[in-house]
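Here are my comments on the model you sent over, written as numbered points. Please keep the viewer open while you read.

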Amino acid sequence: MESEATLKAKIKARIKELSKVKMFISGSFVRTERKCGSKTCACANGGPKHPCCLLTSKVAGKTKAVYIPVDMADEVEGWVLEHRRIKAILKEIDKFGEQLIKIHVKSRRSRERNIAVIKSSSKSKNNKVK
Ligand SMILES: [Zn+2]
C-alpha cells in the first residue's frame, strides 16, 4: 500500500486536473439516422435516412434524447468526453481517499501499540524503582 504522503500528492494532482476542466455535459453521444419528416424525401420511401446525433441520458429511469444540430456535433461530443474524463478523475480521488482512510486506521493502531509498549516499559521501570 502507498504512503499517506504519496496518496495526498496524487489527490492534489487530480484536484489540479479538475481545476482545468472545460465545458462538459453528462449523457451519451450517439450517432444514428432518422427520417426527416418530409413525405417527399427519399427517406420517407425506403431511401437512406439522414445521419444525426443525439445526446441521451437517463432521467428517472427513462431515456431522454436531445437532438444535436449537425454543426454542434463535434463540440458536444467533446463535452461528453470531458464529462467522462472528469468522472474518471472523481473515481480516482474516491479510491485514493478510501486508501487514506484505511492507512490512517492502520497507522493509528500501530501508534497506539507503540504508546502501549512505552507505557508498559515505563511501568516496569517504576516497578524496579519501588
Ligand atoms: Zn429525409
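The points below go from confidence and overall shape to the sheet, and then to a few single residues.

1. Let me begin with confidence. This is a predicted model, and the protein chain averages a pLDDT of 90, with 93% of the residues scoring at least 70. Helix H1 (residues 4–18) has the highest confidence, at a mean of 96, while H2 has the lowest, at 86. As a general caution, predicted coordinates should not be read in detail where pLDDT is low.

2. Next, the layout. The protein chain holds 2 helices and 3 strands, and along the sequence they follow the pattern α-β-β-β-α. The radius of gyration is 29 Å, well over the 14 Å that the globule rule gives for 130 residues, so the chain is more spread out than a compact globule. The C-alpha trace tells you about the proportions too, spanning about 110 × 30 × 20 Å along its principal axes.

3. Burial and contact range deserve a look alongside that shape. Buried residues account for 4% of the 130 residues in the protein chain. Of the contacts between residues at least 6 apart in sequence, 57% join residues at least 24 apart.

4. Now the sheet. Its 3 strands form an open sheet in the order E1-E2-E3, with antiparallel pairing. Strand E1 (28–34) and E3 are the edge strands, each pairing on one side only. Neighbouring strands of this sheet are turned by 40° against each other on average, with direction ignored.

5. If you want to check the register, both pairings can be followed residue by residue. E1 and E2 are antiparallel and share 7 bridges; strand E2 (residues 50–59) and strand E3 (residues 62–68) are also antiparallel, joined by 7 bridges. Cys 53 is a handy marker in E2, since Arg 31 stands opposite Cys 53, and the bridge partner of Cys 53 in E3 is Ile 68. Further along E2, Leu 55 stands opposite Val 66 in E3, and Thr 56 stands opposite Ala 65 in E3.

6. Which residue in the hairpin of E2 and E3 takes a positive phi? That residue is Ala 60, with phi near 50°, in a hairpin that has 2 residues between the strands. Ala 60 belongs to the loop between E2 and E3, and the positive value occurs here in a residue other than glycine. Is Ala 60 buried or exposed? Ala 60 has 5 other C-beta atoms within 10 Å, and a residue with 12 or fewer is classed as exposed, so Ala 60 counts as exposed.

7. Val 76 shows where H2 meets other parts of the chain. Val 76 is found in helix H2 and touches Ile 25, Phe 29, Leu 55 and Ile 68, not counting residues up to four places away in sequence. Two of these names have come up already: Leu 55 is the residue opposite Val 66, and Ile 68 is the E3 bridge partner of Cys 53. Phe 29 is 47 residues from Val 76 along the chain, yet their C-alpha atoms are separated by 7.8 Å. With 19 other C-beta atoms within 10 Å, Val 76 is partly exposed; the class of buried residues starts at 20.

8. Leu 100 is my last stop. Leu 100 is also found in helix H2 (residues 73–129). Leaving aside neighbours within four places in sequence, Leu 100 is in contact with Glu 4 and Leu 7, and H1 covers residues 4–18. Leu 100 has 16 other C-beta atoms within 10 Å, so it is partly exposed. How far apart in space are Leu 100 and Gly 46? Their C-alpha atoms are 60 Å apart, with the two positions 54 residues apart in sequence numbering. When you view that pair, keep in mind the span of the C-alpha trace, about 110 × 30 × 20 Å along the principal axes.

Notes: Residues numbered from 1 in each chain as written. Predicted model: local features only at pLDDT ≥ 70, side-chain atom pairs only at ≥ 80, totals over all residues. Helix = DSSP H or I, 4+ residues; strand = E, 2+ residues; numbered from the N terminus. Contact = placed C-beta atoms within 7 Å. Rg over C-alpha atoms; globule rule 2.2 N^0.38 Å. Pairing = 2+ DSSP bridges. Axes fitted to C-alpha atoms, helices over the stretch in contact; angles between N-to-C directions. pLDDT = per-residue confidence, 0-100.
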